[in-house]
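Work through the exercises below with the structure open. Try each task before reading its solution.

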Amino acid sequence: MSLRASLRCGEGCPGELPVLEPIYACPRCGGLLEVAHDLEALRRRGAAEWRALFDSRGPSAPFPLSSGVWGKREWVLPELTDEDVVSLGEGHGPLVPVPRAGAALGHEPLWLKQCGHAHTGSFKDLGMTVLVSAVARLRREGRGPRAVACASTGDTSASLAAYCAAAGIPCAVLLPRGKITAAQLVQPLASGARVLAIDTDFDGCMRLVEALAADGTIYLANSKNALRLEGQKTVALEIAQELGWSVPDWLFLPGGNLGNAAAIGAGFELLLALGLVDRRPRLGVVQVEAASPLYESFRRGFDRCEPVAAGATAATAIRIGAPVSFRRAVRALWASDGIVERVSERELAEASIAADRAGLFVCPQTAAALAGLRRAAAAGVVRPGERVVVVSTAHALKFTEFKAAVEAGRLPAAEGPPLGQPVELPARLEDVRRALC
Ligand SMILES: *Cc1c(COP(=O)(O)O)cnc(C)c1O
Ligand SMILES: [Zn+2]
């Protein structure tokens, strides 16, 4: 079966560009591009055949089909061959029912899609395997960029640096100085990337990296690059597959640059277009008070995006004031009758405690998403009994400073059982026994 994908303008301008071309914006209107799949060719396989094919490829399939992303390769980037693929075993993050967390947060049934169970500890690996594989192909053909770079709130750079190291591709990352966690800073350093800590915020780093991409100095690895979204969209495919090829009523996720909301929306769109599911879930995108341009726009009927200067928040990975994929995300929200919620630092910390006491150990961004769900359920927007999936975007071990602060009561968290502090004891049995009673 010969399948192909191309780049086209997300704003609807006519024309197509080769899918591997290092172009990030429409030459006519400057809008962002998206990967368009040849639906006619994909429809030569019926829905039942696609389901059976994808179901036949699990973690024990031969490499690289064992990857959650490359197991769906026909829908991702069909022109890449095995030789091109740079995979570190991404995808297959478990979808788990979390009834105790649901009860504590005021909504059941609740499921968590664990995208932080990933090689570098965040969902960014899903997109990065696709982008770095495409760069590897360009380099093999002698058309490759000298180096790849991104701006990051911490997880994009960790992921890009690891995949580039695996492929032997030079990589640079631009980080806002002092605004990412220690783990996130160590990751690209360990991978041997050139790490630039810049005296600005994420949005300032983004402007710099865009200028470097525009003059061809670097290949841009931010989610403005449509190839990232093709990998990230497999989260939607996995969720539908894990639910026996059905969709939940709602899907909640934290939103920063808004590439993930757009990607997941596109995934459900493709599932629907090819008949594997019969409807979309409603999207619930959650932002924090310190950085909520999408929420402000939602309140005004999505008229426009007014960039803000993003303030300090525990959810550092979504501290973004000028989201690049704003229009893409708005299209996904419109299509799904979605909503946007905004939560305070206190609500975020409380949701984190509630989820952790139910065994989850969520990152602060996922805590924001859970707090947003709690709000939407309390307001009756999410109705009792509706099936909700929350996307957990990173592993909380990257955010131990946040966890330590919450447990020490240094973050605004009122509710919940007494905050946990380790009890220091000598190595004597009777002391230990007394401490347990
Ligand atoms: C990148 C990131 C987000 C935000 O995703 P966007 O696509 O930028 O909206 C949320 N949580 C974590 C942990 C992230 O790394
Ligand atoms: Zn255009």
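The model is predicted, and two exercises on its ligands follow.

**Exercise 1. Find the residues around ligand 1, and say how ligand 1 is held in polar contacts and how far the protein covers it.**

Solution.
- Step 1: Start with the shell. Ligand 1 has 15 residues around it, and K124, D155, G256, L258 and N260 come nearest.
- Step 2: Sort the shell by type. Six residues are nonpolar, seven are polar and two are charged.
- Step 3: Look for polar contacts, which are pairs of N or O atoms within 3.5 Å. The side chain of D155 has an N or O atom 2.6 Å from an oxygen atom of ligand 1. A polar backbone atom of L258 is 2.8 Å from an oxygen atom of the ligand. For N260, a backbone N or O atom lies 2.8 Å from an oxygen atom of ligand 1.
- Step 4: Check the cover. On its own, ligand 1 has 380 Å² of accessible area, and the protein covers 96% of that.
- Step 5: Place the ligand. The space that ligand 1 takes is the largest cavity.

**Exercise 2. Which residues coordinate the zinc ion (ligand 2), and why is the arrangement tetrahedral?**

Solution.
- Step 1: Name the donors. They are the SG atoms of C9, C13, C26 and C29, at 2.3 to 2.4 Å.
- Step 2: Read their spacing along the chain. The pattern is C-x3-C-x12-C-x2-C.
- Step 3: Check the angles. The four donor atoms subtend 106 to 112 degrees at the zinc ion, so the arrangement is tetrahedral.
- Step 4: Compare with the ideal. Four tetrahedral donors have ideal angles of 109.5 degrees.

Conventions
Residues are numbered from 1 along each chain as its sequence is written. Chains are lettered from A and ligands numbered from 1 in the order in which they are written. This is a predicted model: local features need pLDDT of at least 70, side-chain atom pairs count only at pLDDT 80 or more; totals for chains, interfaces and linings use all residues. Side-chain values use heavy atoms; hydrogens and water are left out. A residue is near a molecule or strand if one of its heavy atoms lies within 4 Å of it. A polar contact is a pair of N or O atoms within 3.5 Å; within protein, one must be able to donate a hydrogen and the other to accept it, and residues adjacent in sequence count only if both atoms are side-chain atoms. Accessible areas come from the Shrake-Rupley method with a 1.4 Å probe; for residues, only the protein chains shown count as cover. On a 1 Å grid over the protein atoms alone, a cavity is a set of points where a 1.4 Å probe fits but cannot get out, and a pocket is an open set with protein on both sides within 12 Å along at least five of seven lines; lining residues have an atom within 4 Å of a point. A molecule sits in a cavity or pocket if more than half of its atoms lie within 2 Å of its grid points. Ala, Val, Leu, Ile, Met, Phe, Trp, Tyr, Cys and Pro count as nonpolar, Asp, Glu, Lys and Arg as charged, and the others, Gly among them, as polar. Donors are N, O and S atoms within 2.8 Å of the metal (3.2 Å for Na, K and Ca); water is not among the atoms, so sites may look incomplete. Four donors count as tetrahedral if all angles lie between 85 and 135 degrees; four count as square planar and six as octahedral if opposite donors are over 155 degrees apart and all others between 65 and 115; anything else is irregular.
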